[in-house]
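Please open the model in your viewer and keep the sequence panel beside it. The stops below say what to select next and what is there.

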Amino acid sequence: MTISERLAALREIMSREHLAAFIFPSTDPHQGEYVPNHWKGREFISGFNGSAGTAVVTMKSAALWTDSRYFIAAEEQLKGTEFQLMKLKIEGTPTIAEWLGKECEAGAEVGLDGTCSSTNAVKELIADLRHQGGITLRTNLDPLKQIWKNRPAIPQNPVEIFPIEYAGETTHDKLARIRRALRQQHADGMLMSALDDIAWTLNLRGTDVHCNPVFVSYLLISSTTTTLFVNKEKLTSEVSAYLKAEGINIDDYENIGRGLKDYFEYNILLDPDEVNYTLYKKVSREIIEAESPVKRMKTVKNATEIAGFRRAMLKDGIALVKFLKWLKPAVEAGGQTEISIDQKLTSLRAEQPLYRDISFDTIAGYQAHGAIVHYEATPETDIPLKPEGLLLLDSGAQYLDGTTDITRTIALGPVNDEQKKIYTLVLKGHIQIELCKFPSGSSGTQIDILARKDMWREGLNYLHGTGHGVGTYLNVHEGPHQFRMEWKPAPLVAGMTITDEPGIYLPGKYGARTENTLLIVPYMETAFGKFLQFESLTLCPIDKAPIVIEMLTPEEIQWLNDYHQTVFNRLSPHLTPEETAWLKEATAPLKP
């Protein structure tokens with residue numbers, strides 16, 4: 001079916017159900033950022049495949065809202081369809097409710113599948129629509145069941161045990177911690193919906209979501225029992241025995257609604273940002289709406305997890321040095337494209353012990369493609385690399401002992417003065433975050449400005465966040481802590497991982513981004529409290545060729561030289577003599 005045919009089929013159902021519009025979010029019943037194919041309804045109806053966005057269809061029009069990471073990609077993918085691109089955070093862009101208020105008659109009813117939107121999102125939308133001429137929201141219809149022929153099934157991949165030698169804490173102890181946290185919030189139990197929270201709690205992993213080692217399920221915890229709602233065909237005899245030994249009951253995934261209705265205790269905690277609205281409405285007990293305590297538990301890594309991160313970053317660094325040593329000569333020889341270098345890097349990572357997968361689809365953007373923040377080369381967009389200009393390469397891997405995420409912008413040959421200036425401004429922002437010392441409990445929003453201040457002086461900025469948490473052989477995006485301009489109050493504490501990835505993007509020309517994954521560690525304790533700092537976990541040289549040395553402060557030059565010395569010291573014992581010689585040059589001190 002073409003997009004036009006899909007819209008026509010949808011509108012037939014809307015007409016029959018007396019709906020003026022239907023809304024398709026990018027999420028699934030577990031509010032995941034990356035979702036199994038079964039729930040990619042927004043992509044099906046619009047053709048836009050970015051990880052964030054909302055499509056809205058009325059009887060006569062259609063629009064898609066997404067953020068700055070996808071403006072360029074969305075414009076391209078929506079060409080030839082009815083969909084109008086709505087650019088989030090850009091002045092003049094209406095909200096979904098405001099747009100529907102203009103497109104629909106007063107008192108109209110619009111539809112949304114309540115299983116694929118969080119409780120908070122639906123409540124907010126209901127309130128916003130009420131102020132747009134009394135528009136109402138219906139949440140008990142999924143039209144895709146009728147119009148999506150050959151819809152992919154819910155994944156049925158096997159679940160596997162995540163060994164304690166990498167987890168560092170037993171499921172028994174994690175559940176005890178969770179129940180203590182629930183008692184502090186006067187809650188008897190909770191419904192766990194986020195797939196990475198469930199995987200972390202149970203020390204299990206899966207392959208149901210592309211690049212994210214999680215499995216489709218729910219976890220219902222009371223003061224005395226724990227029940228995993230999952231398709232039982234996914235459980236091997238080993239996993240079933242493990243769950244039984246841990247005292248975990250098993251029920252079918254489809255029975256979660258009944259499980260909530262049968263929940264026997266006085267109250268239950270539901271995280272309204274994670275639990276979908278349909279399940280929220282099925283609860284008959286008192287609901288405590290609060291953030292899941294598991295979110296912040298899993299962001300603070302234990303000693304075993306930190307050791308695993310260090311091993312994973314070492315392996316990743318070895319693969320990256322082999323790749324970077326190969327890259328420029330290969331480009332000069334000809335025949336390399338964005339896709340071919342992605343395949344080369346992935347093959348080098350796959351040679352490392354405990355490698356399992358990539359942690360997200362590689363962004364290999366050459367020149368103008370580097371300005372597309374979440375660009376992913378396809379056979380249609382793939383272009384050859386030339387020994388000139390900038391390559392933006394954002395990639396990561398899933399190792400059994402850790403997850404990696406790194407970006408390097410590489411000069412493949414001569415670059416112009418503007419490119420050098422932009423590259424150096426990005427590097428300055430990156431280094432300023434790395435140098436920061438801050439009180440324990442500070443918010444990432446308070447630190448975010450350090451990455452942007454030199455850009456702002458030049459009238460430059462970027463609209464994505466500066467950093468996000470990283471899971472332990474889990475999702476590469478982990479929260480709630482992050483570096484971001486918008487207010488995010490989640491405190492930063494020792495033991496958290498977080499990326500540092502400022503960038504500047506000039507549409508149609510090129511982009512630059514530099515990213516390391518950091519560990520938050522103690523700095524000092526004074527009469528004013530505990531202070532923290534960042535330690536780079538990522539081990540990979542930063543290209544010195546495009547740097548305008550005069551733009552760096554002595555402190556920034558010293559940081560870069562110290563970082564490069566660490567990279568050389570850690571990686572060189574694991575490299576061949578030829579690779580060591582290359583790395584020695586790549587990490588040689590930068591002199592003012």
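On this tour, a contact means that heavy atoms lie within 4.5 Å. This is a predicted model, in which local features need pLDDT of at least 70 and side-chain atom pairs count only at pLDDT 80 or more, while totals for chains, interfaces and linings use all residues. Residues are numbered from 1 along each chain as its sequence is written, and side-chain values use heavy atoms, with hydrogens and water left out.

Begin by selecting Val 275, which touches Ser 118, Thr 119, Leu 191, Ser 193, Leu 270 and Tyr 280 when residues up to four places away in sequence are not counted. Val 275 sits in the loop between β13 (267–270) and α12 (277–282); helices (H or I, at least four residues) and strands (E, at least two) are DSSP runs, numbered from the N terminus. With a relative accessible area of 1%, Val 275 is buried, where buried means under 20% relative accessible area, exposed over 50%, and partly exposed in between (1.4 Å probe, protein chains only). Add Met 192 to the selection: its C-alpha atom and that of Val 275 are separated by 7.7 Å, although the two residues are 83 apart along the chain.

In the same loop between β13 and α12, select Glu 274, and then Lys 295 in helix α13 (residues 293–299); the pair ties together parts that are 21 residues apart in sequence. They form a salt bridge whose closest N and O atoms are 3.9 Å apart, a salt bridge being a side-chain nitrogen of Lys or Arg within 4 Å of a carboxyl oxygen of Asp or Glu. Lys 295 counts as buried at 14% relative accessibility, and Glu 274 counts as buried at 9%.

Which residues have the most contacts inside the largest nonpolar core? Select Leu 100, Val 110, Ile 178, Leu 191, Leu 228 and Leu 243, which hold that place in a core of 69 residues. Such a core is a set of buried Ala, Val, Leu, Ile, Met, Phe, Trp, Tyr and Cys residues joined through side-chain atoms within 4.5 Å. Helix α9 (residues 195–202) gives this core its largest share, five residues.

Val 110 also leads to the strands, for its bridge partner in β6 is Leu 137. Strands β5 and β6 (residues 136–138) run parallel and are joined by three bridges, and two strands pair if DSSP finds at least two bridges between them. From β5 the chain passes through helix α5 (residues 119–130) to β6 in a right-handed β-α-β crossover, meaning that, with the strands pointing away from the viewer, the path from the first strand over the helix to the second runs clockwise. Strand β1 (residues 21–24) pairs with β5 (residues 109–112), also in the parallel sense and over three bridges.

Next, select Lys 89, which has a positive phi of about 70 degrees although it is not a glycine. Lys 89 counts as exposed at 55% relative accessibility, and it is linked with Arg 484 and Glu 486 in a network of salt bridges. Tyr 473, likewise not a glycine, has a positive phi of about 45 degrees, but this residue is buried, with a relative accessible area of 4%.

End at Gly 479 and Pro 480, which are joined by a cis peptide bond with omega of about 20 degrees; Pro 480 lies in strand β23 (residues 478–483).
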